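Welcome! Please take a moment with the sequence and the model, and then read on for a short guided tour.

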Amino acid sequence: MAASSRAQVLSLYRAMLRESKRFSAYNYRTYAVRRIRDAFRENKNVKDPVEIQTLVNKAKRDLGVIRRQVAEQGTAARRKSGNSSRSLGKPCTSWP
């Protein structure tokens, strides 16, 4: 693997781990970290540049999915905490 390709893969690996550790739910977080580590270990001996590029592209798509899920999870948590006044019988002023 070329040095630039190796650096790109390692950077992508670290970014995926960093983003997946932002999941607030323990089960999602541990599952994501385990799957990322397993997938990178499974493919660490790939030598074909075309296959490496295919795997890098897939990992980039997966990183985007993780980022969207983490952002959505944060949005849902804020939405949930913002509407907590309904459970107290108070009128909700944050209704869209």
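Confidence in this predicted chain is lowest in α3, at a mean of 90, and highest in α2, at 96. These values are pLDDT, the predictor's confidence in each residue, from 0 to 100. Averaged over the chain, pLDDT is 86, and 83% of the residues score at least 70. Where pLDDT is low, the predicted coordinates should not be read in detail.

Two notes on reading what follows. Residues are numbered from 1 along each chain as its sequence is written, and side-chain values use heavy atoms, with hydrogens and water left out. As this is a predicted model, local features need pLDDT of at least 70 and side-chain atom pairs count only at pLDDT 80 or more, while totals for chains, interfaces and linings use all residues.

**The overall build**

The chain has 3 helices and 0 strands, running α-α-α from the N terminus on. Here helices (H or I, at least four residues) and strands (E, at least two) are DSSP runs, numbered from the N terminus. The chain has 96 residues, and 23% of them count as buried. Buried means under 20% relative accessible area, exposed means over 50%, and partly exposed lies in between (1.4 Å probe, protein chains only). The chain exposes about 7400 Å², of which carbon and sulfur atoms supply 54%. Such areas come from the Shrake-Rupley method with a 1.4 Å probe; for residues, only the protein chains shown count as cover.

Among contacts between residues at least 6 apart in sequence, 54% join residues at least 24 apart. A contact means heavy atoms within 4.5 Å.

**A buried valine**

Valine 56 sits in helix α3. Is this residue buried or exposed? At 4% relative accessibility, valine 56 counts as buried. Leaving aside residues up to four places away in sequence, valine 56 touches Gln8, Val9 and Leu12. Valine 56 and leucine 12 are 44 residues apart in sequence, yet their C-alpha atoms are 8.0 Å apart in space.

**Salt bridges**

Side chains of opposite charge can pair when their charged atoms come close. A salt bridge is a side-chain nitrogen of Lys or Arg within 4 Å of a carboxyl oxygen of Asp or Glu. The whole structure holds 4 salt bridges, including those in this table.

| Arginine | Acidic partner | N to O distance |
|---|---|---|
| Arginine 22 | Glutamate 19 | 3.0 Å |
| Arginine 67 | Glutamate 19 | 3.9 Å |
| Arginine 41 | Aspartate 38 | 3.8 Å |

The pair of arginine 67 and glutamate 19 links distant parts of the chain: arginine 67 lies in helix α3 (residues 49–82) and glutamate 19 in helix α1 (residues 3–20), 48 residues apart. Glutamate 19 counts as buried at 12% relative accessibility. Its two partners differ in cover: arginine 22 is exposed at 53%, whereas arginine 67 is partly exposed at 42%.

What separates arginine 41 from aspartate 38 in helix α2? They are separated by about one helical turn, because they are 3 residues apart in that helix (residues 26–42). Arginine 41 is exposed, with a relative accessible area of 55%, and aspartate 38 is partly exposed, at 34%. Returning to the other pairs, salt bridges that share partners join Glu19, Arg22 and Arg67 into one network.
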